Amino acid sequence: MAEEGERKAALETVQADGTDGNCVTFVLHDEDHTLGNSLRYMVMKNPDVEFCGYCITHPSESKINFRIQTRGTLPAVEPFRKGLNDLMGVCQHVLNTFERSMKEYRAQREEEMQ
């Protein structure tokens, strides 16, 4: 257990001995299905990804094992990074759309009140 003031890493990588960087398991701490399934979807859109999946090791642990295997010599960290960036872009779009809709709704309500 981490001592007070000490931060544990949010991300670890696990790679089997004798394999190159195209098959890696990323261990994401303090995450669950919310990120796991969304990120898996975004990573699988990449045609260079041969396999992508995740599992939660145990219900009492808040971490996921996220595995990526790529075709050829593409390192697995590249589609992982691209998937995270793409997912952030989608989330930002949803947030912007929501905020714009709320602003329009509030403006419409103010007009109705006058």
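UniProt, in an unreviewed entry, lists residues 23-96 as "domain: DNA-directed RNA polymerase RBP11-like dimerisation". The model shown here is a predicted one, so please read it in that light. The span of residues 23-96 is 43% helix and 31% strand, and its end C-alpha atoms lie 35 Å apart.

**Strand β4 and its partners**

A good place to start looking is strand β4, residues 63-70. Strand β2 (residues 23-29) pairs with β4 in the antiparallel sense over 7 bridges. Strand β3 (residues 49-56) also pairs with β4 in the antiparallel sense, over 7 bridges. Between β3 and β4 there are 6 residues, and the two strands form a hairpin.

If you would like residues to find on screen, here is one bridge from each pairing.

| Residue | Bridge partner in β4 |
|---|---|
| Val-24 | Ile-68 |
| Tyr-54 | Phe-66 |

Which side chains of β4 are buried? Ile-64, Phe-66, Ile-68 and Thr-70 are, and they point to one face. Lys-63, Asn-65, Arg-67 and Gln-69 point to the other face and are not buried. In a regular strand, side chains alternate between the two faces of the sheet. Both β4 partners in the table, Ile-68 and Phe-66, belong to the buried set.

**Tyr-105 in helix α2**

Now move along to helix α2 (residues 77-113), where Tyr-105 has its place. Tyr-105 counts as partly exposed because its relative accessibility is 44%, which falls between the cut-offs of 20% for buried and 50% for exposed. From Tyr-105 to Gly-83 the C-alpha distance is 33 Å, with the two residues 22 apart in sequence.

Technical notes
Residues are numbered from 1 along each chain as its sequence is written. This is a predicted model: local features need pLDDT of at least 70, side-chain atom pairs count only at pLDDT 80 or more; totals for chains, interfaces and linings use all residues. Side-chain values use heavy atoms; hydrogens and water are left out. UniProt positions are given in the numbering used here, feature names are shortened, and annotations may be inferred rather than shown by experiment. Helices (H or I, at least four residues) and strands (E, at least two) are DSSP runs, numbered from the N terminus. Buried means under 20% relative accessible area, exposed over 50%, partly exposed in between (1.4 Å probe, protein chains only). Two strands pair if DSSP finds at least two bridges between them.
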